Amino acid sequence: MKTNKYCVIMAGGSGNKFWPISRDSKPKQFLDIVGNEQSFIKETFDRFAKLVPKENILVVTLARYKDTATKLLPDLLPENLLLEPYSRNTAPCITFAACKLLKRNPNAVMAASPADHRILDEDKFLYAINSALEYADKEDALMTIGIVPTKPETNYGYIQVSGKDRGNDRPLKVKTFTEKPDKTLAEIFYKSGEFYWNSGIFAWKAQTIMEEMKRLIPDVASVFDGWENALDTEKEKDFLEKVYSECPKISIDYGVMEKTDRAWLFPGHFGWSDLDSWDTLYKVIDGKDKNGNLIFAPQNLTQDDSGSLVISRNRKKLYVLKGLKDYMVIDTEDALMICPRNDEDYQDIISDLGMPDYEGFR
C-alpha cells in the first residue's frame, strides 16, 4: 500500500567506541557485538519495516561501507542505499536523504534515526514514531523523540519542553536543548518534570526540513543546489563528490533543532540506550551472573570476579579470570584489551595512534 511515510537510517559513523571489535573498516552499526547473530543496523531496519513498507526505508552510509551494508540488509532496495563520499555529520546526511525523497515523492514525511540504538518495548517505540510522523505531516513541525528519563543520567543530552506533562502522550513544544550535564544539573533536570533525554531520532516532512536548512544553515543547503537534476541519474556520483567536498561538518541538532522555532517533542516511553561505550553496553545488556559479570566467552572459569565484562568469540580458548572487579576483557583475533570497565580513555589512546584497524601491527 502506497504511503507518504518513510524511514531514514543514518549509518555513516565510524570510529573506535567498541574497539577492538569495532574498527574503521567495520564500525559498530554493522557489528554483532555480543554474538546474537544480529547487527545493530539489521535490528534497526527490521524494526522500521514494521512501520512502513521496506521500499520506504532508506539507509545513508559512507561509500566505503557499500558492500557491508548490502550484505547485512538483503531486503533493502539498491536504490535506497544512499552513499556519502565523506563523513560530514548528520545535517548533510539528512539533507541528502530529504532531497532524494523530494524527488521521488514531494509529499514525503520522514523519520530519521541512528542505526545503532538499543530499543526495548518495540510497540511503544513504533507508536511514538508514528505519532510524531502524523503530527509533523499535519503541522509542518520538526519533531524529535524525547525519552522519558528514568534517572538523572549524565551521559545523555536533554531537551526541555513547555510544561510538566510526562504522563501524557502528546506533542510538546521544545524550549531548550542542553548538552550532557554534570551530576548536580542532571538531578535538577530529572526532578523538574520538564526535561527529556535527547534520543537523536527525528520526524518531519522532507519539504519542511529543507526549508529550515535553507534558513538556518544555508552553507549546507546551498551546496546541494541542483539536486533535482542530479540525484537518481548518472550525474549523481560526481554531484555528490562536489557537494561533500564543499560541505561543512555540522550536526542537525546544532545546525537546526537548537535554533528553529518549529521544534516539537513527542514523549517516548520505551526502553532506549545510545550504545556509545563498553560500559554502556554492560549496563543495558541482560545476562549478568550473580556477581554482576557479563560474560560472552564460550569457555571460562571465574573466581572472585565481579562487575566485569568479558567478550570473545574464540570457542577453542579457555578464559581463566580471578579477582577482577569492574574490568573488561575484550579478545579478538588480532587484539586483546584489558582495562577498567568504565575507563573511556582507551578511545583517546586508539584515536591518538591514528590507526584503529591496526594494519601496521600485522
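1. In this predicted model, Val310 stands opposite Val329 in strand 16. Strand 14, which covers residues 309–311, runs parallel to strand 16, residues 327–331, and 3 bridges join the two.

2. These two strands belong to an open sheet of 4 strands, whose order is 12-14-16-17 and whose pairing is mixed. Strand 12 (294–296) and strand 17 (336–340) stand at the edges with a single partner strand each, so that one side of each is left without a neighbour in the sheet. On average, and with direction ignored, neighbouring strands of this sheet are turned by 5 degrees against each other.

3. Arg341 is found in the loop between strand 17 and helix 12 (345–353), and at 11% relative accessibility this arginine counts as buried because the cut-off for that word is under 20%. A polar atom of the Arg341 side chain lies 2.6 Å from the backbone oxygen of Gly307. Leaving aside residues up to four places away in sequence, Arg341 touches Asp279, Tyr282, Gly307, Leu309, Asp326, Tyr327 and Met328, and of these Leu309 falls in strand 14 (residues 309–311) while Tyr327 and Met328 fall in strand 16 (residues 327–331).

4. A second arginine to inspect is Arg23, which is placed in the loop between strand 1 (5–10) and helix 1 (40–48). Arg23 is buried, with a relative accessible area of 8%. The side chain of Arg23 has a polar atom 2.4 Å from the backbone oxygen of Pro20, and it also makes a polar contact, at 3.5 Å, with the side chain of Thr332.

5. Helix 5 (residues 183–192) has Ala186, Phe189 and Ser192 as its buried residues. Seen down the helix axis, these buried residues fall within an arc of 130 degrees, so they line one face of helix 5. The general rule behind such a pattern is that an α-helix has 3.6 residues a turn, so residues three or four places apart point the same way. On the other side of helix 5, Lys183, Thr184 and Lys191 are exposed.

6. The packing partners of the buried residues of helix 5 are strand 7 (158–161), strand 8 (172–178) and strand 9 (195–205). Both ends of this helix also deserve a look. At its start, a side-chain oxygen of Asp182 reaches to within 3.3 Å of the backbone nitrogen of Thr184, and after its last residue comes Gly193, whose phi is positive, near 80 degrees.

7. Thr208 is found in helix 6 (residues 206–216) and counts as buried, at 2% relative accessibility. Not counting residues up to four places away in sequence, Thr208 touches Asp140, Leu142 and Arg262. Lys283 is 75 residues from Thr208 along the chain, and the C-alpha atoms of the two are separated by 38 Å.

8. On confidence, the mean pLDDT of the protein is 91, and 92% of its residues reach 70 or more. Where does pLDDT stay under 50? This is the case over residues 358–362, for which the model has 7 contacts beyond four places in sequence.

Terms used:
Residues numbered from 1 in each chain as written. Heavy atoms only, no water. Buried < 20%, exposed > 50% of the residue type's maximum accessible area, 1.4 Å probe, protein only. Arc of directions from axis to C-beta. Contact = heavy atoms within 4.5 Å. Polar contact = N/O pair within 3.5 Å; in protein donor to acceptor, adjacent residues only side chain to side chain. pLDDT = per-residue confidence, 0-100. Pairing = 2+ DSSP bridges. Axes fitted to C-alpha atoms, helices over the stretch in contact; angles between N-to-C directions.
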